[in-house]
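Me: Please take a close look at a single part of this model. I would like the largest pocket and the strands around it.

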Amino acid sequence: MIDPEIGNELLKKAKKKGATGGDIVMVESASFSAQVRMGKIDKLSQASGKKLGLRLFFGNKTSISATSDLTPQSLEALLKDTCEMTQATEEDPFCGLPEPHDLIKEIPDLRLDDLESENLPVEQKIALAREVEASALSFDPKITNSEGGEFSHHRSHVWYFNSHGFHGDFPSAGSSLSVSPIAGKNGEMQRDYWYSTNRQFHLLQKPSVVGKIAAGRALRRLGAKKVKTCEVPVVFDPEMAGSLMGNLFSAVAGSAIYRGASFLVDRLESRVASSEVTVVDDGTIPGALGSKPFDGEGMPVRPHIVVEKGKLKSYLLDTYTAKKLKMKSTGNASRSVGDAPSVAPSNFYLKAGKASPKEIIASVKSGLYVTEMIGFGVNLATGDFSRGAAGLWIENGELTYPVEEITIAGNLKEMLLNIEMIGNDLDFNGSIVAPTLKISKMTIAGN
């Protein structure tokens, strides 16, 4: 294991060389992945390593360097090079660390660690990958092929030090199972996928469940066709609704706000969404995938209401973007080993509503249920939204036939205001998530 004293010693030496401040991130990590295709091992990988990232300040000048060689000689060279680089950079009055009194005082246990996956025999890990694929392949004779099944896990330990005397560390882990089956009928081939991911191995969905869901998703795409261009209600399944929340996160991130690259600039306290919409960023949820005890600058991670009943209440900021906007950091800094901190979500989610997905679909006389979006046709500055899509057509409140090769278009400003129903099926299977949601009207471009 990394000796944490390395961080303290390096910062002391940097001060002696004239640095006015700095911070260090050290990460020790291990990962494993087993991929199988049609029952045969396609790829096995295992990796482990130690890395250290050093950020120094000489007044308003800053630079960052990183190494995976933690020997004393390498660290001395890293320190010397970083000091020279920092003094050669241009001044930036907004760079710097958080104020000491803003740093976290007590580090909570958020149940982020788990050793169970790491301790499994390799044969059992491979068997899990085989089992999830076999489950999908045996579900129906029309499941004729597979792009593979996979079981993977990772575990890491992060240490953070800064020149205010702060130091904190925490371990974290995660496991995932996934499979991508291919369904075939009369020469047509359709692919889909499903997965389960969790910090705790014992909370993963069973391979048999993941495989069956993936197979069902692939089968329901057989016979897909285009629809005529029209304006109809659109229901997004939780995966696609989460993608929309990803767009919203990008629009409230401080970096987009200070650059003027978001349609939400100067919209705090304004109505930006339907009154049904409340969006929260909360890194304190025990065991959730986006949780962490402190952010990449040692700031406490707290719940923040981003949108409350349709009103924009907060942007999400790290120290740099907060200074740019003359605001306070929200503790949303993410600091990788070799890069400057940037704004990142913790658990960014749309609060669940009361309607079941079935009730939402039943409310649509004629419309689209979106299960896949393709491309990145979103202009955050204007809100213009246009993406390729696939899904199922809704007729008289029932899912009828699959559709593909269509485009759904609108503007995020109107789409958020037109969110009409929100499902009760919120699941924290990622760091940006949402339940099923219905937008009252969007343009479908087809035939």
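Reply: The pocket comes first, then its strands. This is a predicted model, where local features need pLDDT of at least 70, side-chain atom pairs count only at pLDDT 80 or more, and totals for chains, interfaces and linings use all residues. Residues are numbered from 1 along each chain as its sequence is written, and side-chain values use heavy atoms, with hydrogens and water left out.

The largest pocket has a volume of about 590 Å³. A pocket here is an open set of points on a 1 Å grid over the protein atoms alone, where a 1.4 Å probe fits, with protein on both sides within 12 Å along at least five of seven lines. Its volume is the space filled by probe spheres set on the points. Lining residues have an atom within 4 Å of a point.

There are 31 lining residues; Val158, Phe170, Ser172, Lys292 and Ser334 are the closest to the pocket centre. By class, 14 are nonpolar, 13 polar and four charged. Asp, Glu, Lys and Arg count as charged; Gly is among the polar residues; Ala, Val, Leu, Ile, Met, Phe, Trp, Tyr, Cys and Pro are nonpolar.

S1 (21-37), S4 (143-162), S5 (167-185) and S12 (333-334) each give the lining at least two residues. Strands are DSSP runs of E, at least two residues long. Two strands pair if DSSP finds at least two bridges between them.

S1 runs antiparallel to S4, with 14 bridges. Ala30 stands opposite Arg155 of S4. S1 is also antiparallel to S2 (residues 40-58), through 17 bridges. Met26 has Leu52 as its bridge partner in S2. Two residues lie between S1 and S2 in their hairpin, where Met38 takes a positive phi near 50 degrees.

Technical notes:
Helices (H or I, at least four residues) and strands (E, at least two) are DSSP runs, numbered from the N terminus.
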